[in-house]
Amino acid sequence: MMIKPHRGQPLWIAFLLHRISGLGLAIFLPFHFYLLGLALEQSETMDGLLRWSDYPLVKFAEFGLVFLLAVHMFGGLRLLALEFLPWNDRQKTLAAAAVALSFLLALGFLMRAV
Ligand code: HEM
């Protein structure tokens with residue numbers, strides 16, 4: 001029997017998305033803490049950066065960030081459920097639901113932000 005290549009399968013793509021979103025969030029977090037830290041000693045620099053965050057392109061990047069956070073959270077909850085709850089056959093559906101829900105959430109954020 002031929003074993004199907006796993007790369008490109010929907011749940012492999014879900015794994016890749018989880019890894020990319022996890023790494024993306026880990027890279028973003030130090031910059032985020034740095035910006036928050038500016039409030040203590042360089043509030044003008046912080047105000048400048050907050051004004052910069054009003055640009056539409058930056059808002060769009062924030063949409064991407066909200067999507068990454070949501071998809072990592074919902075995807076992570078699916079993985080934890082897979083680990084600790086009784087087996088569920090609908091893993092592809094759950095992964096697709098995690099992506100759809102994350103997209104809706106990020107879109108909601110974008111619509112409020114513009
Ligand atoms: C929001 C709640 C979160 C949940 C429910 C969650 C859940 C998980 C789970 C279950 C894993 C293990 C995946 C596996 O076994 O293959 C994981 C991996 C990981 N998480 Fe999270 N996580 C969350 C937030 C975050 C945040 C905020 C960051 C970064 C700042 C982050 C970064 C990572 C990274 C880098 C990995 C390793 C990915 C890999 O090796 O493929 N996570 N997360």
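**Close-ups of a four-helix chain and its ligand**

**View 1. Here is the ligand with the residues around it.** In this predicted model, 13 residues surround the ligand, and the closest of them are Arg19, Gly22, Leu25, Met73 and Gly76. Which helix gives the largest share of that shell? Helix α1 does, with 7 residues. Two helices, α1 (residues 10-41) and α3, each supply at least two residues of the shell. Sorted by class, the shell around the ligand holds 8 nonpolar residues, 4 polar ones and 1 charged one.

**View 2. Now we look at helix α3 packed against helix α4.** Helix α3 covers residues 56-84, and helix α4 covers residues 91-113. Their axes sit 8 Å apart, and the two helices pack at an angle of about 150 degrees. Why call them roughly antiparallel? The label goes to angles over 145 degrees, so at about 150 degrees α3 counts as roughly antiparallel to α4. The crossing, where α3 passes α4, is right-handed. As for what the contact of α3 with α4 is made of, count 18 nonpolar residues, along with 3 polar and 3 charged ones.

**View 3. This one picks out Leu49 in helix α2.** Helix α2 runs over residues 43-52, and Leu49 is part of it. Is Leu49 buried, exposed or partly exposed? It has 15 C-beta neighbours inside 10 Å, so it counts as partly exposed. That is because a buried residue needs 20 or more such neighbours, while an exposed one has 12 or fewer. Leu35 is worth finding in this view too: Leu49 and Leu35 are 14 residues apart in sequence, and their C-alpha atoms are 8.0 Å apart in space.

**View 4. Finally, we step back to take in the whole chain.** What is the chain's secondary structure made of? It comes to 4 helices and 0 strands. Follow the sequence along and you get the pattern α-α-α-α. The radius of gyration of the chain is 18 Å, whereas the globule rule gives 13 Å for 114 residues. The chain's value is well over that, so the chain is more spread out than a compact globule. Taken along the principal axes, the box filled by its C-alpha atoms is roughly 65 × 30 × 25 Å. How much of the chain counts as buried? The share is 11% of the 114 residues.

Methods
Residues are numbered from 1 along each chain as its sequence is written. This is a predicted model: local features need pLDDT of at least 70, side-chain atom pairs count only at pLDDT 80 or more; totals for chains, interfaces and linings use all residues. Axes are lines fitted to C-alpha atoms, for helices over the stretch in contact, and angles run from 0 to 180 degrees between N-to-C directions. Angles under 35 degrees count as roughly parallel, over 145 as roughly antiparallel, 65 to 115 as roughly perpendicular and the rest as oblique. A crossing is left-handed if the near helix is turned anticlockwise from the far one by less than a right angle, and right-handed if clockwise. Ala, Val, Leu, Ile, Met, Phe, Trp, Tyr, Cys and Pro count as nonpolar, Asp, Glu, Lys and Arg as charged, and the others, Gly among them, as polar. A residue is near a molecule or strand if its C-beta atom, placed from the backbone, lies within 6 Å of it. The radius of gyration is taken over C-alpha atoms; the globule rule is 2.2 Å times the number of residues to the power 0.38.
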